[in-house]
Protein chains: 2
Amino acid sequence: MDQSDGRPDESLASMTRTARLTQWAAALSYDEIPSAVIEQTKLLFLDWLGCCVAGRSHASVQSMLHFAQTMGPKEGRSELVSFAGVTTSPYFAAMVNGASSHVVEQDDLHNSSMIHPATVVFPAALAVAQDVGCSGSDFLKACVIGYEFACRAGECLGKEHYKAFHSTATAGVLGAAAATTCLLKGTSPVYLSALGTAGTQAAGLWQFLLDATHSKQVHTARACSNGVYAAYVATCGLLGPTDIIEGEKGMIAMLSARNARPEFLDSKLGQKWAVMESSFKWHASCRHTHAAIDAFLALIEEFSIGWGDIEQVKAYTYDLAISIMSLSEKAETVHQSKFSMGFVLAVAAKHGQAMITDFTEQALEDTELRDFQRRVEMVLDAEIDSLFPEHWTSRIEVTTKTGSVFSKSVDAAKGDPQWSLTRDEIETKFRALVEYGGEKNMDFVDEIINKVRRLETEADIHGFAFV
Amino acid sequence: MDQSDGRPDESLASMTRTARLTQWAAALSYDEIPSAVIEQTKLLFLDWLGCCVAGRSHASVQSMLHFAQTMGPKEGRSELVSFAGVTTSPYFAAMVNGASSHVVEQDDLHNSSMIHPATVVFPAALAVAQDVGCSGSDFLKACVIGYEFACRAGECLGKEHYKAFHSTATAGVLGAAAATTCLLKGTSPVYLSALGTAGTQAAGLWQFLLDATHSKQVHTARACSNGVYAAYVATCGLLGPTDIIEGEKGMIAMLSARNARPEFLDSKLGQKWAVMESSFKWHASCRHTHAAIDAFLALIEEFSIGWGDIEQVKAYTYDLAISIMSLSEKAETVHQSKFSMGFVLAVAAKHGQAMITDFTEQALEDTELRDFQRRVEMVLDAEIDSLFPEHWTSRIEVTTKTGSVFSKSVDAAKGDPQWSLTRDEIETKFRALVEYGGEKNMDFVDEIINKVRRLETEADIHGFAFV
């Protein structure tokens, strides 16, 4: 075990799972990461950059930008991706970029952990990488490690935890801490301290869904900045509890993680890679609606059903989709409308898609959409529930006005690893996102796409800030 | 209801308890606060200043100081109480002062909420008050309000929550947010947003007690700085969930608060004051040991028992004392030794007191103390348990080497409101604390004592930083 205090190596058998994970991370070299993993990480990073620019005008982002400028330094080596010309310390860059990339609900999702890893890993890793002045390959390695920690923690904490906590935040802070520790070249004990300090701050409640307030961005922003904090203070001697996930008073025990799956923490290290399992979001709504959208669109195409022909839609789904989305079913704001199965399927029915430009203030006022929304029902399906979260499947049942009933199931949503986006689709989505965020300089957009393509060869990773 | 968006007043009856509390706070004027409350707040502030200086050399404080200087601005209007000459933004000042004042276990405790309010309210209030440049009376009002929110939240969340979470942090962040909102002159809806954003970040696990790591200071530091963050972003338009405490997906529901007591949130507003209910800590150990120390010292004095005469000590106590302190019973570090009933009573037996200078690295090596420690046992007492947390009582039973058995109970510990410290004792304790922290300039110490005595008349509240 890589220990700075000269204690003898512990045997693998006597180590905690968290210690085995940190030991693996501390010893990982860039060359051990398969090239397919690096290629996928670059695509995920590009996708994340687009989300970050798309979300920049949101009130949560603007208030955190102001906070960063009031409380932080006037300049620094870390960029705000959405605000070219503003630089700061990595702590505040991680915070603002973490908020901005989780506004438009287009950032990736890792199915079996139920978390959005990009929005909690890339903000911390980019900000710290820029501060320490590392290379593209060092940055990519830190991102790969951040994904492992965040996704494995999410898989470990599981479904019951997700019912109580927005686990992108609670697992995410561990990913941000790990990515930062990697960039600060921490030993295994430093990783453990950073995780301990990150995990004891893990937080994020779903209450905001009930009144459409802004905590979703607070959660990702703070997961990023708290992870940065945890790793920096760990490198300066602040000791964190060494078994924060599995310990008697730790996260599993105290954060409602009944039926936790700790075996996910250290299984198949170096054999399976979280970045390869993450889904790109094609539709611009809550990820729990995606398979339903795909099944619904396939069904109306296959049976040539016009949206005016539809009397009722039943979306058969798993328990957690109902638990989370029933909080937003009224769809009173644009953000809530992406969390309402009825509204989302109404949009899909009317437009044949559910893209970022389809969710607007005008759409909220559309009486046709509102009428359709009321005719959609979510129904718990025991088999679908048993497959979740490894599989986010859906079955759609449409009853037409003439009384015919049609049904269609999908096992994976567009963007899932089994049905992934092509590079062209990812770049098209990226262009749409930055355009949505107000970017006009398409030469710069091309430049960014090319720069990300060759990221592992870059000696420095500044220059990602959009005007 | 004081609302900035022009919506009509809601009736008191239809408001949530949290909304009633924020409405009361937003409308409170300094003149409505009884002078006894102001006098007590000043004493608590002086006591807090001493704790802050006493803790300044701890590794957690030093690492956060370094973090603040790396991530924050080079200067600002807020002072670090323990590091004269270093100024920063209120966010980082709240963080470092919040860590430093919770190191030596001498900061106050509010019995029925089970939280340490000073270390989460004063750091935020002082840092923000210095930043906005307000008067002593404005500062004191904000502190009074911070105490109300933190202590009422702690009372509301209750014992089961405290078993899972270090509630000084989870309730404390609400107090820090409220004190900051007061200084930023927030309306009632701004208070609600600030509380929502603070509450959704509420965190702090007891895992650190198991390996004597540094999360206790992380928790208070982050409660302070997260509270400052929540209030500042709320004033800039970031909306927080409006019913974060009682809501369906809020703190009571999700943070293990079975048997919560929400009626504490808004009962007797303006009639009872949390600052009047807080206990000064006389002994330098975990507050759960204090009544036991007092009963034990009274017993050995009354029956003239020498410490060498004692064969066994039984400390009858409540469930939570056993739950928390059993994690530290080995007393492997100075901090853990203050959380070990056996070690603490050994110190009291040997020295006739348990003061800050009695808990040292040398004491950990003292074989006499270690031998005595092993002869102390905590025993659950149903009646004592039923009185907790309103009363932190204890019964001590001593068996001598000759086989005699003596017993003594106390209903309140020295420093409790019913047995409070005199002004002289508080000032003596303050001098001891700053001396412990290395302060040599006793003229400056006198100056601080005098300045705090007349704090409500001060036009500005800078000048509290110790060299």
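The exercises below, each with a worked solution, concern a predicted model with chains A and B.

**Exercise 1. The annotated domain**

Find which part of chain A carries a UniProt domain annotation, and describe its secondary structure.

Solution. Start with the record: an unreviewed UniProt entry lists "domain: MmgE/PrpD N-terminal" for residues 20–258 of chain A. Next, take the secondary structure over residues 20–258, which is 64% helix and 3% strand. Finally, locate the two ends of this stretch: their C-alpha atoms are 23 Å apart.

**Exercise 2. The interface of chains A and B**

Describe the contact between chain A and chain B by its residues, its area and its polar pairs.

Solution. Step one is to list the residues in contact: chain A gives 61 residues and chain B gives 61 residues. Step two is the area. The size of an interface is often given as the accessible area lost when the parts come together. Here about 4700 Å² is buried between chain A and chain B, and carbon and sulfur atoms give 65% of that. On the side of chain A, the residues that lose the most area to chain B are A:Met71, A:Gln207 and A:Lys249, together 15% of what that side buries.

Step three is to look for charged and polar pairs. With a cut-off of 4 Å between the side-chain nitrogen and the carboxyl oxygen, zero salt bridges are found across the interface. Polar contacts, in contrast, join 25 residue pairs between the two chains, both residues at pLDDT 80 or more.

Step four is to assign the chain A side to elements. Those that give two or more residues include α3 (59–71), α6 (136–164) and α11 (215–235) of chain A. The largest share, nine residues, comes from α11(A). By residue class, the chain A side divides into 31 nonpolar, 24 polar and six charged.

**Exercise 3. The partners of strand β5**

Work out which strands of chain A are joined to β5(A), and in which direction each pair runs.

Solution. Take β7 (residues 394–400) of chain A to begin with: six bridges join this strand to β5 (residues 310–317), and the two run antiparallel. In β7(A), A:Thr399 stands opposite A:Gln312. Then take β6 (residues 376–380) of chain A, which is joined to β5(A) by five bridges and runs parallel to it. In β6(A), A:Val376 stands opposite A:Val313.

**Exercise 4. A salt bridge within chain A**

Explain why the pair A:Glu160 and A:Arg258 ties together parts that are apart in sequence.

Solution. Side chains of opposite charge can pair when their charged atoms come close. The whole structure holds 54 salt bridges over all chains. In one salt bridge, the side chains of A:Glu160 and A:Arg258 meet at 3.7 Å, N to O. A:Glu160 lies in helix α6 of chain A and A:Arg258 in the loop between α12 and α13 (274–277), so the pair ties together parts 98 residues apart in sequence.

Conventions
Residues numbered from 1 in each chain as written. Chains lettered and ligands numbered in written order. Predicted model: local features only at pLDDT ≥ 70, side-chain atom pairs only at ≥ 80, totals over all residues. Heavy atoms only, no water. UniProt positions renumbered as here; feature names shortened; annotations may be inferred. Helix = DSSP H or I, 4+ residues; strand = E, 2+ residues; numbered from the N terminus. Contact = heavy atoms within 4.5 Å. Buried area = accessible area lost by both parts, 1.4 Å probe. Polar contact = N/O pair within 3.5 Å; in protein donor to acceptor, adjacent residues only side chain to side chain. Nonpolar A, V, L, I, M, F, W, Y, C, P; charged D, E, K, R; others polar. Pairing = 2+ DSSP bridges.
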